[in-house]
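These are my notebook entries on a structure that I looked up piece by piece. I wrote down each thing I checked in the order in which I checked it.

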There are 4 protein chains.
Amino acid sequence: METESKNFLAFTLDPKSGVPFYKQIILQIEMAIADGRLNCGDQLPTVRGLAVDLQINPNTVARAYSELEIRGILLSQQGSGTFISDKKIKLNEIERERILAELTRTFITKAASYGFTLNEIINYMGEFENETEKGDKENDTNDKK
Amino acid sequence: METESKNFLAFTLDPKSGVPFYKQIILQIEMAIADGRLNCGDQLPTVRGLAVDLQINPNTVARAYSELEIRGILLSQQGSGTFISDKKIKLNEIERERILAELTRTFITKAASYGFTLNEIINYMGEFENETEKGDKENDTNDKK
Amino acid sequence: METESKNFLAFTLDPKSGVPFYKQIILQIEMAIADGRLNCGDQLPTVRGLAVDLQINPNTVARAYSELEIRGILLSQQGSGTFISDKKIKLNEIERERILAELTRTFITKAASYGFTLNEIINYMGEFENETEKGDKENDTNDKK
Amino acid sequence: METESKNFLAFTLDPKSGVPFYKQIILQIEMAIADGRLNCGDQLPTVRGLAVDLQINPNTVARAYSELEIRGILLSQQGSGTFISDKKIKLNEIERERILAELTRTFITKAASYGFTLNEIINYMGEFENETEKGDKENDTNDKK
DNA sequence: GTGGTCTAGACCACA
DNA sequence: GTGGTCTAGACCACT
């Protein structure tokens, strides 16, 4: 359950997380706006298209979009699509950290259940970073041409 | 809504959080295992005892214990109590590495959907580690005096 | 106390067996998966529907489904229903063999404690296979006419 | 949780089976008498000894023994121990098959949850038999000297 | 409509 | 004393 749109925006849904699908979509759109991956005027995937990509009920996508529209974050224009409005998202650091903490906690306890210690996990993440840096540089090179 | 056992194991419930009671109990047990406050063979509070302490229905505690038992983390025995399972994870190094890689990849992908960068994640995990260490040191200090 | 779904999936409960209702449901779902009557993505009867059919409390059905969900065999989604999980087991051949060997060894040791010989076990498994085949053929015949 | 006595009698307890410990012990003693591994006059392990071996409460072993004594299958003699009586065990084939069916069903559904098919399992058991035959012959040779 | 959570209270079986 | 099972019924949230 993962999809990548034109705008380097990847939605992922986790059915096991307990968080309802529509809330997962809302959160990911908000975060994308907050950190600049989505900007004022950008078009969002269509309700139907995103529903197909994520293999969920279109009503669920519609609910996420409509809630964001009510809050003034999205603008739906009949016939042309759904767009990011100019309203600023005020995602305070506390909220951001709460989400990261939740994801991290889940990850650590799951790894711990396989017998990995906190130290082991962090060390591995360090190696992971190094490997990925190499990959990133290669990508950078490709982008520059 | 708070209770403290002999081993510095305190359960607290936050009714306002929106997180179901039984999940809050599960999370606290998982974290206690992950950071070593609970170890193989340790006995947990009794279902009824914890229910009284937390002022909730015994069924709710039983549900939390039961989920952890299904997942192989606890072992309940009629008449004697509920204990941390001593499941020995027999994995060779290659399999261990493969599992950790898989868990990490999934975690990072999911975090990326919310706009967190790899650097941000690793930094946070560092803080995460420090917090746990701090807690341990405070306990050590208290214990020694 | 018997119900039959569209796909030749019949649940029956035996109150005299001493086996808890929720476990009887679990066993029947497991067997239906093992012999192919239930496949990835198939929807199960609704909690309330099955409860009415079996004339038991919906909580009892929910408990059975919930245990199977925790074990990763089912996936429940609020508002849409309960489905057979499409978990893809990614194991290479070596790991597969290791797991089967481990399971088999444990099974044979346990059976030996009850005085069953390896030959006896293998013969029984043969009959077990034949029974399932017979059932399948009967269904095939019924389907074709 | 496994122990082997002098009489080629191995007790195994499965805490996850749901069958109470005392019943597992009773069943295994009955089966051992029925198939000749235990004979009239044979001494059983002491209550304490078996409890230590199986890492369970002595009361549990005592309960199993006392239930068998009430049924005339065991005889306890103050100060000397517990012995098999001359009472015949009438374990009909139906009961025996029921136990084997239960063990087999559990084994098969567990293996199925790892993606093994019934055929695959049975084939593997065949190979397993061949390997073990070799081992048995070696043992036979050793025994003859 | 679907499943999820929680309560209250009963009864059973094991150690 | 311990945990296990089941019911009845309420209320909530998601699709």
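Before I start, I note that a polar contact is a pair of N or O atoms within 3.5 Å, and that within protein one of them must be able to donate a hydrogen and the other to accept it. I also remind myself that the model is a predicted one.

**Entry 1: Thr82(C)**

I began with Thr82(C), which I found in strand β4 of chain C. Is Thr82(C) buried or exposed? Its relative accessibility is 8%, and since buried means under 20%, Thr82(C) counts as buried. I then looked for a polar partner, and found that the side chain of Thr82(C) makes a polar contact of 3.3 Å with the side chain of Ser76(C). Leaving aside neighbours within four places in sequence, I listed the residues in contact with Thr82(C) as Asp42(C), Gln43(C), Leu44(C), Tyr65(C), Leu74(C), Leu75(C) and Ser76(C).

**Entry 2: helix α2 of chain A**

Next I turned to helix α2 of chain A, residues 47–54, where I noted Leu50(A), Ala51(A) and Leu54(A) as the buried residues. Seen down the axis of α2(A), these buried residues fall within an arc of 100°, so they line one face of the helix. I recalled the general rule that an α-helix has 3.6 residues a turn, so residues three or four places apart point the same way. On the face of α2(A) turned away from the buried side I found the exposed residues Arg48(A) and Val52(A). Just after α2(A), I noted that Gln55(A) takes a positive phi of about 55°.

**Entry 3: the nonpolar cores**

How many residues does the largest nonpolar core have? I read 30, and those with the most contacts inside this core are Phe107(A), Ile121(A), Met125(A), Phe107(B), Phe116(B), Ile121(B) and Met125(B). The elements that each supply at least two residues of this core are α1, α4 and α5 of chain A together with α4 and α5 of chain B. I followed Met125(B) further and, leaving aside neighbours within four places in sequence, found that its contacts include Phe107(A), Ile121(A) and Met125(A) from chain A, as well as Phe107(B). There is also a second, separate core of 29 residues, which includes Leu103(C), Phe107(C), Leu118(C) and Leu103(D).

**Entry 4: DNA strand E**

I then went to DNA strand E, where the nearest of the 29 residues around the strand are Phe21(B), Asn59(B), Thr60(B), Arg63(B) and Arg48(C). Of the strand E atoms within 4 Å of the protein, 70% belong to sugar or phosphate, and the rest to bases. An N or O atom in the side chain of Thr60(B) is 2.7 Å from a phosphate oxygen of strand E, while a polar side-chain atom of Gln78(C) lies 2.8 Å from a sugar or linking oxygen. By class, I counted 8 nonpolar, 15 polar and 6 charged residues on the surface near strand E.

**Entry 5: DNA strand F**

Which residues come nearest to DNA strand F? Of the 29 around it, I noted Arg48(B), Phe21(C), Asn59(C), Thr60(C) and Arg63(C). I looked for side chains reaching the bases, and found an N or O atom of the Arg48(B) side chain 2.7 Å from a base nitrogen of strand F, and one of the Asn57(C) side chain 2.9 Å from a base nitrogen. The side chain of Gln78(B) has an N or O atom 2.8 Å from a sugar or linking oxygen of strand F.

Technical notes:
Residues are numbered from 1 along each chain as its sequence is written. Chains are lettered from A and ligands numbered from 1 in the order in which they are written. This is a predicted model: local features need pLDDT of at least 70, side-chain atom pairs count only at pLDDT 80 or more; totals for chains, interfaces and linings use all residues. Side-chain values use heavy atoms; hydrogens and water are left out. A residue is near a molecule or strand if one of its heavy atoms lies within 4 Å of it. Ala, Val, Leu, Ile, Met, Phe, Trp, Tyr, Cys and Pro count as nonpolar, Asp, Glu, Lys and Arg as charged, and the others, Gly among them, as polar. Buried means under 20% relative accessible area, exposed over 50%, partly exposed in between (1.4 Å probe, protein chains only). Helices (H or I, at least four residues) and strands (E, at least two) are DSSP runs, numbered from the N terminus. The arc is that of the directions from the helix axis to the C-beta atoms. A nonpolar core is a set of buried Ala, Val, Leu, Ile, Met, Phe, Trp, Tyr and Cys residues joined through side-chain atoms within 4.5 Å. Contact means heavy atoms within 4.5 Å.
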